[in-house]
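Please load the model in the viewer and keep a selection panel open. The tour proceeds by selections, each followed by a description of what is found there.

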Amino acid sequence: MKAPRILLISDNLPPVIGGSGVVYDALARALPENMVVLTSTHTPDGTEKPGWRAVDQGAPYRCHRWRHVRLRQGGGLIGRLRDLWQMALVSLKVWRLAGQERADVIVIGELVSLGWLALALKRLGRRPVVIYTHTEEVTQAMADRLGGLRPRVLGAADHVVAVSRYCARAVRTLAGLAGARISVISNGVDLGFFTPGAPERDVRAPHGLTAEHRLIVAAGRHVPRKGFDRLIEAMPAITARHPDSHLLLVGDGPQTADLKALAADTCPDHVHFTGPLDRATLRDHYRTATLFAMPNRTMPDGDTEGFGLVFLEAAACGVPSVGGLGGGAVEAIRHERTGLSIDGTDIAAIAKAITRLLGDERDRRRLADGALAHARSQGWADKAAEFQTIMADLVADPAHRRR
């Protein structure tokens with residue numbers, strides 16, 4: 001079967017930080033001869049993305065940049081006219097680039113901000129169009145910024161890729177798609193980078209900690225669905241049983257100030273904020289951790305965790321996780337095999353799970369071994385091969401087409 005040429009469009013590729021960007025970059029790196037990407041040099045508000053040239057120079061795949069791919073979504077008549085003009089320009093840009101790169105299939109990587117392309121491309125020609133979904137843009141109420149078009153957009157695609165079974169169910173519920181038009185490709189992990197071993201730097205020292213202190217590491221964007229607030233609220237119960245334990249909270253986001261205030265009121269001597277970290281420093285935190293924790297939950301507006309790449313990254317470093325039951329996280333953690341899945345809204349349940357692993361080294365080691373074994377079966381090379389096979393089937397078999 002001939003390997004298809006794939007054109008991916010997303011505004012979230014590096015240097016933009018985020019889970020979907022990690023996924024697309026990893027797939028393109030695994031398929032550099034058959035996958036090209038289109039993304040932006042600037043954010044919709046006109047700010048240039050810092051470091052994009054260096055990112056492109058270091059990428060093994062072809063990366064095309066345009067000033068704006070995502071719409072500004074402005075208000076008023078002028079804003080709407082500008083968006084319509086931008087939609088026309090982007091549509092033509094994508095179609096011409098697909099021809100230039102001899103693309104067999106076009107993959108849209110953002111449902112809310114770029115999903116409208118599926119409708120436009122359907123009118124321009126017969127190349128198959130795929131939408132890659134990560135859950136929150138399907139389930140979250142704010143996704144109706146698309147103007148209620150999400151079911152139509154998903155229905156216009158020839159195929160939808162979902163990052164979890166939970167995500168696939170959400171797509172079917174929203175758009176009523178037949179199961180044959182949806183494929184699940186769970187997220188993978190960079191097994192050449194995230195590995196067990198000694199950290200290259202001391203991650204305890206900046207916080208006044210020593211080797212005698214055990215670390216609970218949490219990492220992710222500081223937004224409510226991640227459950228970091230409940231994790232901080234669980235720390236007093238955890239430290240009462242294990243006073244040598246400390247929480248290192250990696251990342252930042254709109255909730256950071258509130259989380260710092262909560263930590264100051266709740267457990268100030270045992271909660272430490274690192275800010276955003278580069279990949280190597282994040283790996284050092286995984287390698288130093290006794291366990292990883294992110295008790296995620298589904299928010300009232302539908303915002304939820306699509307999968308949870310961080311759980312796999314920690315697992316690949318030989319670290320078990322405590323995660324929530326929201327969204328696709330239950331597929332990233334194998335309960336009682338690679339970690340523990342608990343109700344992320346229940347502070348007592350969070351504390352109980354973490355104190356259990358801190359208090360039982362044999363149990364924790366069992367889960368750590370299971371986590372590492374599972375992670376080693378989830379490398380990006382296998383995920384990319386799975387993705388490429390689905391795209392090849394779509395191109396080759398007219399039964400998969402919706403034209």
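Begin with strands β9 and β10 (residues 271-275), which pair in the parallel sense over 4 bridges. The model under inspection is a predicted one. To locate one of the pairing positions, select Leu247 and look across to β10, where its bridge partner is Val271. Extending the selection to α10 completes a right-handed β-α-β unit made of β9, α10 and β10.

Next, keep β9 (residues 245-250) selected and colour it by accessibility. How many of its residues are buried? The strand is mostly covered, with 6 of its 6 residues buried. Displaying the side chains separates two sets: Ser245, Leu247 and Leu249 point one way, while His246, Leu248 and Val250 point the other way, and all are buried.

Now add strand β8 (residues 214-219), which pairs with β9 in the parallel sense over 6 bridges. Ala219 is found opposite Val250 of β9. Tracing the chain from β8 through α9 to β9 gives a β-α-β crossover that is right-handed.

The helices of these two crossovers are the next selection. Two packed helices are described by the angle between their axes and the distance between the axes. For helix α9 (residues 228-241) and helix α10 (residues 256-266), the angle is about 10° and the axes are 9 Å apart. The two helices are therefore roughly parallel to each other, since angles under 35 degrees count as such. On the α9 side, show Phe228, Asp229, Ile232, Glu233 and Pro236; on the α10 side, show Leu259, Leu262, Ala263 and Thr266, which together make the contact. Sorted by class, this contact of α9 with α10 has 6 nonpolar, 1 polar and 2 charged residues.

Move on to another helix pair, helix α12 (residues 309-316) and helix α15 (residues 361-375). Their packing angle is about 110°, with the axes 7 Å apart. That angle makes α12 roughly perpendicular to α15. Select Leu312, Ala315 and Ala316 in α12 and, facing them, Ala371, Leu372, His374 and Ala375 in α15. The contact of α12 with α15 comprises 6 nonpolar residues, 1 polar residue and no charged residues.

Then select the open sheet of 7 strands, ordered β3-β2-β1-β4-β5-β6-β7 with parallel pairing. Which strands lie at the edges? They are β3 (62-66) and β7 (182-184), each of which pairs on one side only. From one strand to the next, the twist averages 25°. At the β7 edge, 3 bridges join this strand to β6 (residues 159-162), and the two run parallel. Ala162 stands opposite Val184 of β7.

Two helices should be added to the view of this sheet. Helix α1 (residues 19-30) packs on the sheet and touches β1 (6-9), β2 (35-40) and β5 (129-133), its direction making about 145° with that of β2. Helix α16 (residues 380-396) lies across β1, β2, β4 (105-108), β5, β6 and β7, and runs at about 125° to β4.

Finish at Glu101, in the loop between α3 (76-100) and β4. Is this charged residue buried or exposed? Its relative accessibility is 5%, so Glu101 counts as buried, the cut-off being under 20%. Leaving aside residues up to four places away in sequence, Glu101 touches Arg5, Val36, Arg62 and His64.

Key. Residues numbered from 1 in each chain as written. Predicted model: local features only at pLDDT ≥ 70, side-chain atom pairs only at ≥ 80, totals over all residues. Heavy atoms only, no water. Axes fitted to C-alpha atoms, helices over the stretch in contact; angles between N-to-C directions. Parallel < 35°, antiparallel > 145°, perpendicular 65-115°, else oblique. Contact = heavy atoms within 4.5 Å. Nonpolar A, V, L, I, M, F, W, Y, C, P; charged D, E, K, R; others polar. Buried < 20%, exposed > 50% of the residue type's maximum accessible area, 1.4 Å probe, protein only. Pairing = 2+ DSSP bridges. Right-handed = clockwise from strand over helix to strand, strands pointing away.
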